[in-house]
Amino acid sequence: KGYRIGFSYQDVWQAEHQNAFTVAKAMEMDLLVDIRAEVDAALANGTTLQTFIAALRPNLIKRGWWGQREMVDPVTGEKVLAQLGSPRRLKVIYETNLRTAHAEGQWQRIQAGKDILPYLMYHHTHSPWERPEHAAWDGLVLPVDDPWWPRHYPVKAWGCKCRVIPLGDRQ
């Protein structure tokens, strides 16, 4: 993945997330690189959320990327009170990247085994950030290579906890 700076979570959208690491309001490349280094270390080492926060927080505080701060939205030009680093934001960063990495690894396993398990079933998992379209896809079965999957394979939305279940011909 490359890097993509964005002020709002909406600045980097959908499939762009698969190609670029981003954190909303991390507007300096070196800050984004530091956050990603901790995410990568957490993934590689199986770090807990608490350890991730403890490792990253001092650096973010030192760099002034903690708490709330008035910032100018580069799109609208408006001054906004922006939430920068916080335990809650770091939890979102941690969980989103863990789920995304897990999904990517699962996709690679699905591709390797699609001769034996050539279908996928979308499994909607309830979440506090419920999305009606995800619920509507629950139970949908399509071939692994169907063009629908690259656009809908979970995790495609923030807080999404949906998954897929590989299936064989009999199933």
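Glutamate 70 sits across from leucine 81 of strand β4, and this pair offers a handy way into the structure. The model is a predicted one, in which local features need pLDDT of at least 70 and side-chain atom pairs count only at pLDDT 80 or more, while totals for chains, interfaces and linings use all residues. Numbering starts from 1 along each chain as its sequence is written, and side-chain values use heavy atoms, with hydrogens and water left out.

The two strands around that first pair are β3 (residues 68-72) and β4 (residues 79-83), which are joined in the antiparallel sense by five bridges. Here, strands pair if DSSP finds at least two bridges between them. Six residues lie between the strands of this hairpin, and glycine 77 adopts a positive phi near 80 degrees. Just along the chain, glycine 67 belongs to the loop between α3 and β3. Its C-alpha atom is 8.4 Å from that of alanine 82, although 15 residues separate the two along the chain. With neighbours within four places in sequence set aside, glycine 67 is in contact (heavy atoms within 4.5 Å) with Ala82, Gln83, Leu84 and Gly85.

Stepping back, the protein has six helices and seven strands. These elements are DSSP runs numbered from the N terminus, with helices (H or I) of at least four residues and strands (E) of at least two. Their order from the N terminus is β-α-β-α-α-β-β-α-β-α-β-α-β. Along the principal axes, the C-alpha atoms fill a box of roughly 55 × 35 × 30 Å. Among contacts with a separation of 6 or more, 54% link residues 24 or more positions apart.

What share of the 171 residues counts as buried? The value is 35%, where buried means under 20% relative accessible area, exposed means over 50%, and partly exposed lies in between (1.4 Å probe, protein chains only). In soluble globular proteins, nonpolar side chains tend to be buried together. The largest nonpolar core here has 21 residues, and Val23, Ile35, Phe52 and Trp65 have the most contacts inside it. Such a core is a set of buried Ala, Val, Leu, Ile, Met, Phe, Trp, Tyr and Cys residues joined through side-chain atoms within 4.5 Å. Helices α2 (29-45), α3 (49-62) and α4 (87-112) each supply at least two residues of this core. A second, separate core has twelve residues, including Ala103, Ile110, Tyr122 and Cys160.

Individual residues add detail to this picture. Isoleucine 35 is in contact with Phe21, Val23, Ala26, Leu56, Leu60, Trp65 and Ile93, leaving aside neighbours within four places in sequence. Asparagine 97, found in helix α4, counts as buried because its relative accessibility is 14%. Not counting residues up to four places away in sequence, asparagine 97 touches Phe21, Val39 and Leu43. Tyrosine 3, by contrast, lies in strand β1 (residues 2-3) and is partly exposed, with a relative accessible area of 33%.

Further along the chain, strand β5 (residues 119-123) shows a covered face, made of Leu120 and Tyr122, and an uncovered one, made of Tyr119, Met121 and His123. Which strands run antiparallel to β5? One is β6 (residues 141-143), joined to β5 by three bridges, with tyrosine 119 opposite proline 143. Another is β7 (residues 163-167), joined to β5 by five bridges, with leucine 120 opposite proline 166.
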